[in-house]
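Trainee: I'm new to this one, and I'd like a close look at a single part of it. Could you walk me through the hollows, and then what sits around them?

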Amino acid sequence: MESEEILNYCLEHLEGTVSVSSWGEKGIFYNPDNRLKRGIYILTIKEKDGENDKGSNLDRDGVYRVNLGVRKQTFINMFSTIPKRPAKGCIVDMDYDFTETDRIIPHPVYAWMGWLCVLNPSNKTFGKLKPLIDEAYEYAKEKYRKKKL
């Protein structure tokens, strides 16, 4: 599956979303009527390592990572715990191979915020990711409603 297919899926199926590119990532944000500068994060796709995010070894040819934030209880149900925030430039202390492809795992840096990820998802794994994308979308809408616009 190509990263653009995932971004297009989100834009086509999640009303009120926009695509924003920044910090070397492409992101899908909830931002109906473009009331916010960017919007509320739903999902990002990262295609290269960053200064403080090298845990997935994204500098490999053709490797990208889909990242999304879910509710902390969902994260705990999936991975048993919320890890502590890692030191700058480090990864979370969880027993996962953050370079593994086609498996939904905690985000190597932002798991402490309830973010998960998958590197190069297959169509089958993307099917498993869709309900989590829906949750990230609903969570973003809740956060948006709490903002004073």
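**A close look at the second largest pocket**

Mentor: Let's begin with the residues around one hollow: I40, Y41, I42, G69, V70, K72, M113, W115, A136, Y139, A140 and K143 line the second largest pocket. Two elements, β3 and α3 (123–146), each give two or more residues to that lining. Helix α3 has the largest share, with 4 residues. Keep in mind that this is a predicted model. The volume of the second largest pocket comes to about 150 Å³. Sort its lining by class and you get 9 nonpolar, 1 polar and 2 charged residues.

Stay with α3 for a moment, since E142 is found in that helix. E142 is partly exposed, because its relative accessible area is 28%, and partly exposed covers the range between 20% and 50%. Along the chain E142 and I40 are 102 residues apart, yet in space their C-alpha atoms are 9.7 Å apart. I40 is one of the residues that line the second largest pocket.

Now for the bigger neighbour on the list. The largest pocket has a volume of about 360 Å³. It is lined by 15 residues, and W23, E25, Y41, D53 and Y110 are the closest to its centre. Here β3 (40–46) and β4 (65–69) are the elements that give two or more residues, and β3 gives the most, with 3. The class split is even this time: 5 nonpolar, 5 polar and 5 charged residues. Notice Y41, which is listed for the second largest pocket and also sits among the residues closest to the centre of the largest one.

Y41 turns up once more, in a closed space. A search of the whole structure finds 1 cavity of 30 Å³ or more, and its volume is about 30 Å³. Around that cavity are V20, S22, W23, E25, K26, G27, F29, Y41 and T44. Strands β1 (17–22), β2 and β3 each supply at least two of these lining residues, with β2 giving the most, 4 residues. By class, the cavity lining divides into 4 nonpolar, 3 polar and 2 charged residues.

What about the packing behind all this? The largest nonpolar core has 38 residues, and I42, L43, V66, L68, L116, L129 and I133 are those with the most contacts inside it. At least two residues of this core come from each of α1 (3–13), β2 (25–30), β3, β4, α2 (72–79), β6 (115–119) and α3. Once again α3 has the largest share, here 8 residues. I42 is worth a second look: it is one of the second largest pocket's lining residues and also one of the core residues with the most contacts. For a feel of the packing, take L43: setting aside its neighbours within four places in sequence, L43 is in contact with I6, L7, C10, K26, G27, I28, V66, N67, L68 and I133.

C10 on that list leads to a last point. The structure holds 0 disulfides. C10 can't form one because its sulfur is 15 Å from the closest cysteine sulfur, in C117, which is too far for a bond. With a relative accessible area of 0%, C10 is buried. C90 is in no disulfide either: the nearest cysteine sulfur, again that of C117, is 17 Å away. At 39% relative accessibility, C90 counts as partly exposed.

Definitions and conventions
Residues numbered from 1 in each chain as written. Predicted model: local features only at pLDDT ≥ 70, side-chain atom pairs only at ≥ 80, totals over all residues. Heavy atoms only, no water. 1 Å grid on protein atoms, 1.4 Å probe; cavity = no way out; pocket = protein on both sides within 12 Å on 5 of 7 lines; lining within 4 Å. Points joined across faces, edges and corners; volume = space filled by probe spheres on them. Nonpolar A, V, L, I, M, F, W, Y, C, P; charged D, E, K, R; others polar. Disulfide = S-S within 2.5 Å. Buried < 20%, exposed > 50% of the residue type's maximum accessible area, 1.4 Å probe, protein only. Core = buried A, V, L, I, M, F, W, Y, C linked by side-chain atoms within 4.5 Å. Contact = heavy atoms within 4.5 Å.
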